[in-house]
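Me: Got a model open here. Can you walk me through it?

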Amino acid sequence: MKKIIYICAKSFFYIFSTFFLFVFLFSILSLIEQYRLFDAPFVDILENDVNGFDAKISIPFIKGVIKYQFSYTIIFMWLWLLFYSIYFYVLKEFFKIFIEDELFITKSLNKLKIFFRLNFIPIILNTGIIIMGWIENENVSFEEEYFYLFIHSCIALIIYTYIDIFKKGQKLQEENDLTI
């Protein structure tokens with residue numbers, strides 16, 4: 001079961017990384033195509049689109065479409081995909097701890113701390129988005145920001161518990177090594 005979870009986390013890392021590279025590459029190509037320098041495959045520049053989108057990237061094989069504006073939205077999409085690529089890489093390393101022979105070593109504890117800290121990035125960002133929404137008097141509803149805040153807070157709490165268990169396990173292992 002531990003091996004299956006590790007493989008799933010590894011798969012998510014590869015999926016997010018591949019999708020990030022695809023979106024990054026083709027959004028750069030769409031910017032080049034916007035200035036008529038190059039006609040990129042899978043990229044269409046939209047003129048007079050009803051929804052205000054400027055570019056469309058067609059994803060081959062799954063027939064998906066990504067539409068976006070030439071503004072900061074694409075940069076936020078890049079950052080989001082890059083963050084979750086890193087996140088799933090660290091998650092993969094976290095699950096790799098439970099597959100290794102030696103469990104309570106300093107290297108494993110450091111991996112847990114990195115994953116714990118990484119979970120605070122979405123918590124801080126989404127808390128800021130929620131506060132900005134409250135300041136601007138937007139309606140408060142259960143949306144993406146609240147969901148991400150809840151999920152990453154729960155994960156951080158669970159990881160904090162694991163860190164404490166690992167510290168105690170490491171201490172017990174050191175005491176056990178000294179008595180032998």
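**Quick tour of the model**

Me: Start with a cysteine. Is C154 buried, exposed or partly exposed?
Reply: C154 is partly exposed, at 32% relative accessible area. Buried means under 20% relative accessible area, exposed means over 50%, and partly exposed is in between (1.4 Å probe, protein chains only).

Me: And C8, buried or exposed or partly exposed?
Reply: C8 is partly exposed, with 39% relative accessible area.

Me: How many disulfides are there?
Reply: The structure has 0 disulfides. A disulfide here is a pair of cysteine sulfur atoms within 2.5 Å.

Me: Where do these values come from?
Reply: The model is predicted: local features need pLDDT of at least 70, side-chain atom pairs count only at pLDDT 80 or more, and totals for chains, interfaces and linings use all residues. Residues are numbered from 1 along each chain as its sequence is written, and side-chain values use heavy atoms, with hydrogens and water left out.

Me: What's the overall layout?
Reply: The protein chain has 5 helices and 3 strands. Along the sequence the pattern is α-β-β-β-α-α-α-α. Helices (H or I, at least four residues) and strands (E, at least two) are DSSP runs, numbered from the N terminus.

Me: How much of the chain is buried?
Reply: Of the 180 residues in the protein chain, 32% are buried.

Me: Now H152. Where does it sit?
Reply: H152 is in helix 5 (residues 144-179). H152 counts as buried, because its relative accessibility is 3%.

Me: What does the H152 side chain make a polar contact with?
Reply: The side chain of Y84, at 2.8 Å. A polar contact is a pair of N or O atoms within 3.5 Å; within protein, one must be able to donate a hydrogen and the other to accept it, and residues adjacent in sequence count only if both atoms are side-chain atoms.

Me: Which other residues does H152 touch?
Reply: Leaving aside neighbours within four places in sequence, H152 is in contact with Y84, Y87, N119, P122 and I123. Contact means heavy atoms within 4.5 Å.

Me: Switching to helix 3 and helix 4. How do their axes sit?
Reply: The axes of helix 3 (residues 106-118) and helix 4 (residues 120-135) come within 4 Å and cross at roughly 10°. Axes are lines fitted to C-alpha atoms, for helices over the stretch in contact, with angles from 0 to 180 degrees between N-to-C directions. Helix 3 and helix 4 are therefore roughly parallel. Angles under 35 degrees count as roughly parallel.

Me: Which residues meet there?
Reply: F116, R117 and L118 in helix 3 meet F120, I121 and P122 in helix 4.

Me: Last one. Where's Y14, and what about S85?
Reply: Y14 is in helix 1 (residues 2-34). Y14 is partly exposed, at 46% relative accessible area. Y14 and S85 are 71 residues apart in sequence, and their C-alpha atoms are 7.7 Å apart in space.

Definitions and conventions. Parallel < 35°, antiparallel > 145°, perpendicular 65-115°, else oblique.
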